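Please look over the sequence and the structure shown here, and keep both at hand while reading the paragraphs below.

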Amino acid sequence: MAHGDMSTELKEELEHIRSLPAEIEDRFHKELEFGTAGLRGLIGAGTNRMNRYTVRKAALGFAQYICRQGEAAKRQGVVIAYDSRLNSYSFADEIKQILVQRGISVWFFQELAPTPLLSFAIRYYGAFAGIVVTASHNPPEYNGLKVYTQYGGQMTDHIASEVYRDIQQVGDTLVMDTSSDWLCSSGRGEIRMIGDELFAAYGVQVERLLVQRQLIESAGDELCIVYTPLHGTGKKVVRQLLANSGFRNVHLVSEQAEPDSRFPTVMAPNPEDPAVFESALRLAQEKQADLVIATDPDADRLGVMVKTGDGFRMLNGNQLGVLLLHYRLDQLSEKGQLPSNGRFIKTIVTSDLGEKIANKYKVVTENTLTGFKYIGEKMEAYEQEGTGRFLFGYEESFGYLAGDFVRDKDAVQIAAIVAEMVLVYKRAGKHLFRVLEEIYVEFGYYTEELLSVTLLGKQGQELIQEQLAALRQNLPTEIGGIQVRLVEDYKTGQRINRKTSEMTKLPLPPSNVIKLIMVDGSWLTIRPSGTEPKMKVYLSANAAQSEQDANEKLQRLKAGIKQLIRLT
């Protein structure tokens with residue numbers, strides 16, 4: 001607490017916890033981990049918290065990594081963006097100064113910006129890497145860093161491991177003179193500010209994704225849209241992009257329009273939570289809107305509610321993904337624009353219904369581990385190897401992507417595509433839930449649910465690991481009266497047939513995930529969250545005849561898994 005550059009706020013916080021041993025242990029029992037999602041944690045004092053010093057250490061390690069790549073990488077530089085969260089700008093500025101002092105050029109957004117624009121900017125400017133300061137949809141007390149490679153996607157495991165080793169070599173940032181050239185000896189890097197020209201270039205790419213341009217130009221104003229950025233970065237870019245695309249009948253939720261790190265109108269700014277739509281729904285009912293859109297603070301996730309004959313209903317992440325995939329493939333097929341080597345990418349915790357739809361259009365489905373970084377990695381492989389053309393990707397946690405000019409989930413481009421889709425179906429006399437029912441009739445009924453339990457602190461993390469280890473030691477033969485056919489253990493990389501005991505190798509990298517697949521194709525997957533102190537259980541059930549049958553199976557799976565692991 002005697003360090004001269006420590007803020008008064010941090011000093012007071014440390015003084016406050018002096019007599020709280022459990023709090024001290026949680027804050028200092030480890031360093032905030034740097035992984036494939038970068039850093040994310042509670043804001044506050046401590047090595048296991050997001051603060052100036054943990055950010056500084058990560059930036060110094062990342063600078064070391066870039067310097068080892070050579071002078072060309074330093075000249076290419078790093079794009080830095082930030083959102084509306086507490087300390088986001090100051091953390092971004094700290095990173096900028098450290099990189100520039102070490103001869104690394106920086107492209108710096110002159111105002112807060114959505115994460116997908118960072119991904120686009122890396123490729124647009126030919127930068128070597130990117131960093132965005134954000135904690136995405138987490139509660140207000142969190143912040144974090146996401147780090148991107150030169151192809152515009154988040155770092156995957158092998159690069160993250162290298163960067164982590166460099167971070168571990170950084171000394172005590174409380175006493176270090178970070179202005180000294182202890183890493184690189186070649187002058188200061190150049191600072192270039194990013195303004196509206198980038199958004200204009202991005203907007204051109206989004207408009208090329210829209211396949212019903214003439215309809216939008218003639219009838220776009222018929223669609224009444226209510227939009228909320230949930231106090232985040234979306235206000236300017238989403239509204240402007242919708243207007244430029246031809247959707248001008250857009251009403252902004254005023255009490256959630258301005259960036260605000262407190263997120264005062266919601267518990268957490270997460271568009272997966274129906275509660276965040278409360279203010280938007282009031283405005284939608286007043287305006288008799290057709291569509292309600294919400295984006296999270298860094299505008300990479302998007303949630304949707306649509307007007308039906310029974311009022312407004314919310315689509316879950318799998319439902320909206322299925323609708324978007326079906327719409328995109330159907331429209332491209334009708335126009336003769338569907339390539340012979342098309343690819344659809346989803347994660348292993350996303351519904352299998354998308355694969356059935358892709359099969360109809362002779363589009364190959366690829367599965368990845370949870371996290372859009374793996375979808376981005378696949379996209380880059382297609383481009384480098386010429387093995388396929390990306391058409392669409394999504395994950396159940398409200399992340400979607402249609403255009404490969406971005407390599408991460410992108411709520412901004414998807415907002416325009418959702419608006420186009422709703423307009424097309426409205427002109428045909430349908431709302432999205434009616435279209436979804438038609439899809440179920442053709443391909444079968446699918447229903448999903450996510451169970452999660454928050455387990456805070458060191459003890460919570462230990463409990464998560466203990467429960468997963470115990471499950472591996474006692475693999476079930478049935479769950480809820482439904483027989484288990486396959487066990488996929490992504491930690492060992494093995495798929496086990498429960499009837500024959502035959503073992504085969506899984507094609508994906510190691511991860512602490514267990515997936516149990518039933519004889520009827522239903523499944524459940526258990527994993528610790530990569531960004532929150534949670535254990536998550538994903539359930540998916542299907543039935544050929546009715547939604548009721550699928551829901552009954554889902555309830556049986558839910559009851560069965562609750563008997564196996566602790567979810568309270």
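What follows goes through two sheets, two helix pairs and one aromatic pair.

This is a predicted model, in which local features need pLDDT of at least 70 and side-chain atom pairs count only at pLDDT 80 or more, while totals for chains, interfaces and linings use all residues. Residues are numbered from 1 along each chain as its sequence is written, and side-chain values use heavy atoms, with hydrogens and water left out. Helices (H or I, at least four residues) and strands (E, at least two) are DSSP runs numbered from the N terminus.

One open sheet is formed by six strands in the order 1-5-4-2-3-6, with mixed pairing; two strands pair if DSSP finds at least two bridges between them. At its edges are strand 1 (39–42) and strand 6 (191–194), each of which pairs on one side only. Neighbouring strands of this sheet are turned against each other by 15° on average, direction ignored. Within the sheet, strand 2 (residues 78–82) and strand 3 (residues 106–109) run parallel and are joined by three bridges, and Ile80 has Phe108 in strand 3 as its bridge partner.

A second open sheet, also of mixed pairing, consists of four strands in the order 13-12-14-15. Its edges are strand 13 (364–368) and strand 15 (399–401), and each has a single partner strand, so one side of each is left without a neighbour in the sheet. From one strand to the next the twist averages 20°. Strand 12 (residues 342–347) pairs with strand 13 in the parallel sense over five bridges, and Thr347 stands opposite Thr368 in strand 13. Helix 12 (residues 317–334) lies across strand 12, strand 14 (389–395) and strand 15, and runs at about 160° to strand 14.

Two packed helices are described by the angle between their axes and the distance between the axes. Axes are lines fitted to C-alpha atoms, for helices over the stretch in contact, and angles run from 0 to 180 degrees between N-to-C directions. Helix 3 (residues 52–68) packs against helix 7 (residues 157–168) at an angle of about 115°, with the axes 8 Å apart. That makes helix 3 roughly perpendicular to helix 7, a term used for angles of 65 to 115 degrees. The contact (heavy atoms within 4.5 Å) involves residues of helix 3 including Lys57, Phe62 and Arg68, and residues of helix 7 including Ile159, Glu162 and Asp166. By class, the residues of this contact divide into six nonpolar, two polar and four charged.

How do helix 10 and helix 15 pack? Helix 10 (residues 234–245) and helix 15 (residues 411–427) meet at an angle of about 40°, and their axes are 9 Å apart. The two helices are therefore oblique to each other, the word for angles that are neither under 35 degrees, nor over 145, nor 65 to 115. Val237, Val238, Leu241, Leu242 and Ser245 in helix 10 meet Val412, Gln413, Ala415, Ala416 and Ala419 in helix 15, and this contact has eight nonpolar, two polar and no charged residues.

Finally, the structure holds 17 aromatic pairs, where rings of Phe, Tyr and Trp (its six-membered ring) pair if their centres lie within 6.5 Å. In one of them, the ring centres of Phe120 and Tyr202 are 5.6 Å apart and the planes stand at 75°, so the pair is edge-to-face, as planes over 60 degrees apart are called. This pair links distant parts of the chain, with Phe120 in helix 6 (residues 115–125) and Tyr202 in helix 8 (residues 196–209), 82 residues apart.

How values were computed: Ala, Val, Leu, Ile, Met, Phe, Trp, Tyr, Cys and Pro count as nonpolar, Asp, Glu, Lys and Arg as charged, and the others, Gly among them, as polar. Rings of Phe, Tyr and Trp (its six-membered ring) pair if their centres lie within 6.5 Å; planes under 30 degrees apart count as stacked, over 60 as edge-to-face and the rest as tilted.
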